[in-house]
Amino acid sequence: MTLAARQILQSYYDAFNAGDVAAMSDCLHEDFIHYANEGDARPGKQAFAEFSAHMSETYKENLTDMVIFTDESGTRGAAEFTVNGTYLKTDPGLPEARCQTYRLPAGAFFTLKDGLISRVTTYYNLQDWMAQVSA
């Protein structure tokens, strides 16, 4: 089961890098909940699709240096990666966007259910990001 867990997490991130929200959603369980960095919980695939649409118009990101970990049961996972991005459109409450680029270490934690992702919690250093786009 560990291989299947690693494969679904890899598929999720491959879809992210391809900008394919539908393929990302295919990796999600019906009981999915998304915890974004320092943000509110977003339960459900529809909330995830809305969040992803906002992110796609506001940021252009590619993840590199990906390392994926899973437990032996295949029900828990984690990923560590580097976010390489461009800030395209001002996000309310954040610095003004002027197509600034940024590079951040980040990570995510996962719960898997029935071979699909039922929870993802993402973390990165918001203060580091703000310093990079404010420079």
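These exercises look at aromatic rings and the nonpolar core in a predicted model.

**Exercise 1.** Classify the ring pair Y59 and Y87, and find what parts it ties together.

*Solution.*
Step 1. A search of the whole structure finds eleven aromatic pairs. Y59 and Y87 form one of them, with 5.3 Å centre to centre and 15 degrees between the planes.
Step 2. Planes under 30 degrees apart count as stacked, so this pair is stacked.
Step 3. Y59 lies in strand β3 (residues 59-70) and Y87 in strand β4 (residues 76-87), so the pair ties together parts 28 residues apart in sequence.
Step 4. Y59 is buried, with a relative accessible area of 10%. Y87 is buried too, at 0%.

**Exercise 2.** Classify the ring pair Y102 and W129, and locate both residues.

*Solution.*
Step 1. The ring centres of Y102 and W129 are 5.9 Å apart, and their planes stand at 75 degrees.
Step 2. Over 60 degrees counts as edge-to-face, so that is the class of the Y102 and W129 pair.
Step 3. Y102 sits in strand β5 (residues 100-113) and W129 in helix α4 (residues 126-134), 27 residues apart.
Step 4. Both Y102 and W129 are buried.

**Exercise 3.** Place F81 in its cluster and in the largest nonpolar core.

*Solution.*
Step 1. Ring pairs link F81 with Y12, Y13, F32, F48 and F110 into a cluster.
Step 2. The largest nonpolar core has 30 residues, and F81 is among those with the most contacts inside it.
Step 3. Elements giving two or more residues to this core include α1 (2-18), β1 (28-35) and β6 (116-124).
Step 4. Leaving aside neighbours within four places in sequence, F81 is in contact with residues including Y13, L63, M66 and L104.

How values were computed:
Residues numbered from 1 in each chain as written. Predicted model: local features only at pLDDT ≥ 70, side-chain atom pairs only at ≥ 80, totals over all residues. Heavy atoms only, no water. Phe/Tyr/Trp six-rings, centres within 6.5 Å; stacked < 30°, edge-to-face > 60°. Helix = DSSP H or I, 4+ residues; strand = E, 2+ residues; numbered from the N terminus. Buried < 20%, exposed > 50% of the residue type's maximum accessible area, 1.4 Å probe, protein only. Core = buried A, V, L, I, M, F, W, Y, C linked by side-chain atoms within 4.5 Å. Contact = heavy atoms within 4.5 Å.
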